[in-house]
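Here are my notes from a pass through the model, for you to read with the structure open. They are numbered so that you can reply point by point.

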Amino acid sequence: MSTHYDCIVVGSGHAGCSAALAAVEAGCTSVLIVEKAPRDWVGGNGYFTAGAHRTVHGGLQDLLPIVRNVTPEQASKIDVDPYTVEDFIGDIKRLGQDKPDTKLVKSMVESSREAVEWLARMIDIPFILSFHRQAYEVHGRQKFWGGMALSTEDGGKGLIKAHMKALEKAGVEIWFESPAVRLRAEKGTITGLVVQIDGKELNLSASAVVLAAGGYESSSELRAKHLGSEWEKAHVRGTPYNTGDGFAMAQAVGAKLIGDWAGCHSTCWDANAPADAGDRELSNQFTKSGYPLGIMVNIYGQRFVDEGQDFRNFTYAKFGRQILLQPEGCAFQVWGADMVPFLRKEEYGDEIVEKICARNMEELADKLLEKGLKDKECFLKTVHDFNAAVQSHRAEHPTLRWDPTVKDGLSTQSTTVALQLPKSNWALPINQGPFLAVKVACGITFTFGGLAIDPDTAGILSKETDAPIKGLFCTGEMVGGLFYNNYPGGSGLTAGAVFGRKAGGQAAKLAGKSVK
């Protein structure tokens, strides 16, 4: 067993794999990934994603060369608007209330298209156009919306499978059930890592260590400490092994913490899903992202968010928090028969979620009482008032047409009727039976607080000097300062690849093996 490596990466998720493969490409000849989890849990949170990557692009023609699911005939019936550097930066800053670090965001965004190309060409990530998540058919054409178009075949499972194949081909070692215990340092320079194997500590030396060990979302104790006591009851969407270990190791060598330590990515999640870890089989199918097509109510029958505030991929990462803050930390999503066909089968299929169906709203209310609804009359009044407000708005704006690919302006706010909490877009009356409801909870994905890094090298900064700690790098969920409060869907995987590539390249330079 070797104990010296050019580069050691902590964590086998998408970000860590990207760093390891970038290190090999840049010239490292001995690269090791150490993973706390057993082999059956390889892939970190990346495994549980839809594989979505948000990137700058020039439109459909720019993306076609890297996707695998579009024929020339299909391409003639697809609309994908360009997504510029300004668009991407603007979305991160807007959703983050202008708090994200400008230099960090700019570095990630400007490198996004090159990183996606690298993933496709060098790692053979099976990119596809995300028809099932990011497009609706309008007038016979597939119209993409929300600035994002890319995902991967078989979602996160396909993403991690491609990484594993590439790592094997590149000769990268992976040690499972080998948690990193602490970093080794001499005179302010990182010289290696101590790992635990079969209960015994093993000293490893390396020119560079890349931390890609995920956030603290799987630790109920740290969630309560940083996010608030209510977060102890949040469902963990992904790996149960992201418990903040990497932060403790980094702090022990003087690393600087930064970012939104009170914030996280959290979504509408199946209330019947496992509480403490994701399901390796169903994975991301527990997501319940159909709320823009209907309404959400708490157990007292009251709406609590503007379901049409923005495109789903700009609101889903914050609405989990809103559900958690409701009584008993759960809610119901409700639709009429006209919207049910638009719900994603992967999330709302008969074998995926418990469906609460009824011929009329009175019957639906009675069935919801059996599932936790506390106030039937309030629920019925909420639906009645919502429908009346929608009808009043439509009467004043008869030319508006429902269109889920744009912010269509169909709302609940008219000159005669205006709800205290509006639905700003895609508001249709819920008056066609049979009706459908599902019960949802909060699923936490990853935490936003992390380590301060150099935007150009991914080097972890020292708390004392604000300069990079030599030999220590970071990528993935552990990077702080990039997201605050909310984030644009698909940005996390892209950021992991961008900063993983930077870290891997720097590792080769430190090992004296950098190649052009």
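1. Leu380 sits in helix 14 (residues 376–396); helices here are DSSP runs of H or I, at least four residues long, and strands are E runs of at least two, numbered from the N terminus. Leu380 is buried, with a relative accessible area of 18%. For that word I use under 20% relative accessible area, with exposed being over 50% and partly exposed in between (1.4 Å probe, protein chains only). Outside its neighbours within four places in sequence, Leu380 is in contact with Met361, Glu362 and Ala365, where contact means heavy atoms within 4.5 Å. From Asp91, Leu380 is 289 residues away in sequence and 37 Å away in space, C-alpha to C-alpha.

2. Some ground rules before going on. This is a predicted model, in which local features need pLDDT of at least 70 and side-chain atom pairs count only at pLDDT 80 or more, while totals for chains, interfaces and linings use all residues. Residues are numbered from 1 along each chain as its sequence is written, and side-chain values use heavy atoms, with hydrogens and water left out.

3. Now the nonpolar cores, meaning sets of buried Ala, Val, Leu, Ile, Met, Phe, Trp, Tyr and Cys residues joined through side-chain atoms within 4.5 Å. The largest has 137 residues, and those with the most contacts inside it include Leu129, Leu193, Met296 and Phe499. Helix 15 (residues 491–510) gives the largest share of this core, eight residues. There is also a second, separate core of 24 residues, with Val334, Phe379, Val390 and Ile430 among them. As background, nonpolar side chains in soluble globular proteins tend to be buried together.

4. What does Met296 touch, leaving aside its neighbours within four places in sequence? Its contacts include Phe304, Phe319, Ile323, Phe332 and Val440, but also Gln302, Arg303 and Glu307.

5. Helix 15 deserves its own look. It is mostly covered, with 15 of its 20 residues buried. Its length checks out too: the expected span (1.5 Å times one less than the number of residues) is 28 Å, and the end C-alpha atoms are 29 Å apart, which agrees. Just after helix 15, Gly512 takes a positive phi of about 70 degrees.

6. His14 is in helix 1 (residues 14–26) and, at 3% relative accessibility, counts as buried. A polar atom of the His14 side chain lies 3.0 Å from the backbone oxygen of Leu493. Beyond its neighbours within four places in sequence, His14 is in contact with Gly43, His53, Leu119, Leu159, Ile160, His163, Leu493 and Ala497.

7. On charges, a search of the whole structure finds 28 salt bridges, each being a side-chain nitrogen of Lys or Arg within 4 Å of a carboxyl oxygen of Asp or Glu. One of them pairs Asp62 with Arg113 at 3.1 Å, N to O. That pair links distant parts of the chain, with Asp62 in helix 2 (residues 60–63) and Arg113 in helix 6 (residues 112–122), 51 residues apart. Asp62 is partly exposed at 28%, whereas Arg113 is buried at 17%.

8. Arg113 also meets Glu117 in a salt bridge (2.9 Å, N to O). Glu117 and Arg113 are four residues apart in helix 6, so about one helical turn separates them. In general, an α-helix has 3.6 residues a turn, so residues three or four places apart point the same way. Glu117 is partly exposed, at 26% relative accessible area.

9. For another pair, try Asp350 and Lys355, whose closest N and O atoms are 2.7 Å apart in a salt bridge. Asp350 counts as exposed at 60%, and Lys355 is partly exposed at 32%. Back in the earlier group, salt bridges that share partners join Asp62, Arg113, Glu117 and Arg121 into one network.

10. How many disulfides does a search of the whole structure find? Zero, taking a disulfide as a pair of cysteine sulfur atoms within 2.5 Å. The sulfur of Cys28 is 5.5 Å from the closest cysteine sulfur, in Cys7, which is too far for a bond. Cys442 is in no disulfide either, the nearest cysteine sulfur being that of Cys264, 6.4 Å away. Both cysteines are buried, Cys28 at 4% and Cys442 at 1%.

Methods:
Polar contact = N/O pair within 3.5 Å; in protein donor to acceptor, adjacent residues only side chain to side chain.
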